[in-house]
Amino acid sequence: MKQIKLKRREFLKISAATGGGLLIGFSLGGCDEKPAPPKTMPMAETETAPTAFTPNAWLTVHSDNRVTIRVGSSEMGQGTLTGIAMLIADELDADWSRVRAEHAPADKAYTNPILGRQHTGGSTAIRGFWTIARKAGATGRELLLQAAAATWAVDVSECQARNGEVLHEASGRRLHYGELARAAAELPLPDAVLLKEPDEFVLIGQPLPRLDTPDKVNGAAVFGMDVQLPNLLIATVARCPVQGGRVKSFDAHQALAVPGVKQVAQISGGVAVIAEHFWAAKKGRDALRIEWDKAGNDTLDSAAIEAQFKAAVDKGLVERDDGDVKAALAAAARTVEAVYTVPFQAHVCMEPMNATADVRVDACDVYAPTQGQTFTQETAMRITGLARDKVKVITTFLGGGFGRRSEQDFIVDAVECSKLAGQPVKVIWTREDDVMHDQYRPATYNVLRGGVDAQGKIVAWEHRIAGPSILARVFPDSAADGHDWSSTEGAKNIPYHVNNLRVTYAMSNTPVPVGFWRSVGSSQNAFITECFFDELCKLAGQDPLAARLALMTEHPRHAGVVKLAAEKAGWGTALPAGHARGIAVAEAFASFVAQVAEVSIDRGRVRVHRITCAVDCGMNVNPNSIRAQMEGGIVYGLTAALKGAITISGGRVQQSNFDDYPLLRLDECPAIEVHIVSSEEAPGGVGEPGVPPTAPAVANAVFALTGQPVRSLPITLHS
């Protein structure tokens with residue numbers, strides 16, 4: 001086994017468990033108080049015995065042999081609770097049937113090293129905690145082995161950990177972990193622990209069922225909307241329908257007359273109506289008379305936004321510049337120029353935005369389906385003026401995240417309302433609130449030019465992008481120079497060797513707020529670059545698969561998934577009349593995904609029959625989760641490709657619910673096959689990388705079928 005040296009102060013400490021448990025955790029300075037579990041969260045089981053141990057531990061070995069693992073990442077359907085638990089339990093050699101996982105409180109101990117904060121995003125949970133979590137498990141195993149050796153008065157090298165027990169094969173003796181917990185808790189930390197080699201994994205790599213499934217099936221799982229507290233009030237917030245507008249004045253007289261309405265007040269997000277229950281809050285909000293300051297945005301519309309982007313697109317900053325594109329285009333045998341556009345897109349989580357806060361004079365508890373515990377804690381600190389150790393964040397299950405729950409608007413609502421009311425308040429956004437006041441995926445305007453030589457080789461590639469910047473809103477310092485890596489990911493790192501390649505980006509912000517959307521820049525740039533690649537293939541008279549592989553010699557992992565997806569899809573074999581295939585590949589969050597889509601035209605609409613997906617995400621932790629995330633990403637990507645578009649008129653979002661912002665329906669869902677590459681590379685992300693190739697694979701199939709390139713989303717057919 002590979003030996004890893006641990007530095008005591010930087011890694012972990014052990015505390016004696018007076019209740020008969022062994023608690024192992026990381027250094028947790030400043031966090032000495034047990035978090036208050038919500039009274040209605042049965043999944044958040046905590047040690048009930050008298051406590052003398054640090055609460056922010058990663059794992060607890062109970063005296064009855066149960067193992068509780070606390071996960072700092074949010075579970076929004078991607079399988080993090082199970083995946084992180086598998087890393088720890090494998091190194092611990094735990095009995096998986098005795099393992100349970102729960103959300104950890106907000107604490108710097110759970111800082112994701114990739115993001116620098118406790119946050120779930122960027123498909124970083126497994127990648128970020130891959131080594132840290134395994135060390136936590138390995139340290140537990142080492143202490144249990146030492147405890148058993150001391151009990152039997154044998155050398156520790158004679159002992160083996162296996163499936164929740166320590167064995168002494170020479171004598172046939174064995175002790176369960178629970179029997180060793182107290183003794184192990186009293187031992188000093190080991191100077192070093194051994195991490196397993198991949199061929200020693202017992203759990204990692206196995207298609208294990210998710211730990212959270214039973215509670216979600218039987219209804220015991222607690223989502224944000226389920227939180228109940230004594231004296232809880234419900235609030236809704238009236239927001240300016242015009243993007244960027246604010247409250248000018250309001251009349252609360254009629255709202256206060258609604259039975260059950262307790263309070264009406266202006267908060268930073270608009271006018272809040274706080275009531276005994278949701279229906280009263282909603283009726284009170286409907287009765288409000290509000291005069292809005294529309295900030296001059298009431299003439300804004302989608303056409304004006306696109307015109308703004310078009311005017312900016314030639315003024316972009318250089319993000320990549322290889323060779324001499326201008327000269328290569330001039331010398332090319334054939335060239336093509338195309339304009340690609342993508343619209344704003346909403347996240348549409350199935351569980352609308354909500355949060356519950358309980359602000360008191362000396363403390364604040366926030367119960368939230370949040371992706372960002374650190375941000376949530378800091379938001380509450382800013383509003384209440386309380387110190388960090390007085391603000392607790394209790395993470396519930398999330399009914400979908402996709403980047404939307406990285407935002408703080410719904411947290412701000414809850415904390416401000418509770419502070420006003422002086423008692424616990426749950427803020428609930430309606431579906432209409434959610435669709436009309438999202439932080440949208442950016443719309444962009446793209447001009448591409450490319451050229452091929454007389455032999456059909458691509459010799460020039462130019463991509464000019466104009467659009468709003470997420471970073472300029474969320475992390476303004478990082479985009480102060482006009483560059484924005486998130487707007488160009490998937491554009492400046494295409495996997496094709498083209499000698500003359502230039503990418504520019506022109507930041508062009510609008511009053512429409514933009515935010516991180518599942519797979520971020522790659523979600524739209526993969527559509528643009530992979531579709532333009534097929535346009536160049538047609539210009540050169542080349543097969544899209546062969547052309548890709550010919551230019552991917554420097555990118556073997558891209559080529560690997562392209563070959564695998566093509567092979568499994570039967571690329572080149574006969575299809576039913578009226579059907580065609582399209583292929584696309586994308587790299588996102590350290591994973592590589594290729595997809596082949598088979599489509600036809602059914603009564604003037606695109607019908608997707610089958611999508612074959614190949615994914616190389618490095619070391620496989622749980623193939624079940626990988627497969628599920630690819631399938632979910634494809635369905636999400638199909639909705640964006642075929643359905644979704646947020647449009648603006650009079651400064652207002654024109655869509656409001658699933659009737660005018662529809663999702664992919666069951667009868668529209670194609671057959672999906674997922675093939676996972678076996679690998680010993682470091683783990684990549686899986687929550688987001690399934691999305692980017694979907695739209696271009698479908699669009700390229702439509703191009704192959706109709707001869708008309710698809711240059712905008714959602715995909716529409718021209719006569």
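Contact here means that heavy atoms lie within 4.5 Å of each other. The exercises below concern a predicted model, and each is followed by a worked solution.

**Exercise 1. Describe the surroundings of V596, and then those of R610.**

Begin by placing V596 in the fold: it lies in strand β26, which comprises residues 591-602. Next, take its accessibility: because the limit for a buried residue is under 20% relative accessible area, V596 counts as buried at 3%. Then list its partners, leaving aside the neighbours within four places in sequence: V596 is in contact with A565, A566, A569, W571, R581, G582, I583, R610, I611 and T612. As a further check on position, V596 and T82 are 514 residues apart in sequence, and their C-alpha atoms are 30 Å apart in space.

Now turn to R610, which is one of the partners of V596 and lies in strand β27. With a relative accessible area of 22%, R610 is partly exposed. Its contacts, again without the neighbours within four places in sequence, are K568, A569, V596, A597, E598, P670, A671 and E673. The C-alpha atoms of R610 and D212 are separated by 30 Å, although these residues stand 398 apart along the chain.

**Exercise 2. Work out whether the length of helix α18 agrees with its number of residues, and state what its buried residues pack against.**

The helix runs over residues 694-706, which makes 13 residues, and at 1.5 Å a residue these should span 18 Å. The expected span is 1.5 Å times one less than the number of residues, and the end C-alpha atoms of α18 are 18 Å apart, so the two values agree.

The second step concerns cover: α18 is mostly covered, with 10 of its 13 residues buried. These are T694, A695, P696, A697, V698, A699, N700, A701, V702 and F703. They pack against α14 (520-540), α15 (544-550), β25 (579-588), β26, β27 (605-616) and α17 (623-642), and two of these elements have already appeared, since β26 holds V596 and β27 holds R610. Finally, the residue that follows α18 is G707, whose phi is positive, near 80°.

**Exercise 3. Repeat the analysis for helix α9, and explain why it may be called largely enclosed.**

The 12 residues of α9 should span 16 Å at 1.5 Å a residue, and the distance of 16 Å between its end C-alpha atoms agrees with this. Nine of the 12 residues are buried, so α9 is largely enclosed by the rest of the structure. The buried residues are Q373, T374, T376, Q377, T379, A380, M381, I383 and T384, and what covers them includes β18, β19 (364-368), β20 (391-395) and α10 (409-421). After α9 comes G385, with a positive phi near 75°.

**Exercise 4. Classify the ring pairs F344–Y440 and F375–F475, and say which parts of the chain each pair links.**

A pair of aromatic rings is described by the distance of the centres and the angle of the planes. The count for this model comes to 11 aromatic pairs. In the pair of F344 and Y440, the rings are 6.5 Å apart, centre to centre, with 65° between the planes, and the pair is edge-to-face. F344 sits in the loop between β17 (334-342) and β18 (354-359), and Y440 in the loop between α11 (431-436) and β22 (444-452), so that this pair links distant parts of the chain, 96 residues apart. Both F344 and Y440 are buried.

For F375 and F475, the centres are 6.4 Å apart and the planes stand at 45°, so the pair is tilted. F375 belongs to helix α9 (residues 373-384) and F475 to the loop between α12 (470-474) and α13 (485-488), so the pair ties together parts that are 100 residues apart in sequence. Both rings belong to partly exposed residues, F375 at 21% relative accessibility and F475 at 30%.

**Exercise 5. Set these details within the whole chain.**

The protein chain has 18 helices and 30 strands. Its radius of gyration is 27 Å, close to the 27 Å that the globule rule gives for 719 residues, so the chain is as compact as a globular protein of that length. Of the 719 residues, 61% count as buried. Among contacts between residues at least 6 apart in sequence, 76% join residues at least 24 apart.

Technical notes. Residues numbered from 1 in each chain as written. Predicted model: local features only at pLDDT ≥ 70, side-chain atom pairs only at ≥ 80, totals over all residues. Heavy atoms only, no water. Phe/Tyr/Trp six-rings, centres within 6.5 Å; stacked < 30°, edge-to-face > 60°. Helix = DSSP H or I, 4+ residues; strand = E, 2+ residues; numbered from the N terminus. Buried < 20%, exposed > 50% of the residue type's maximum accessible area, 1.4 Å probe, protein only. Rg over C-alpha atoms; globule rule 2.2 N^0.38 Å.
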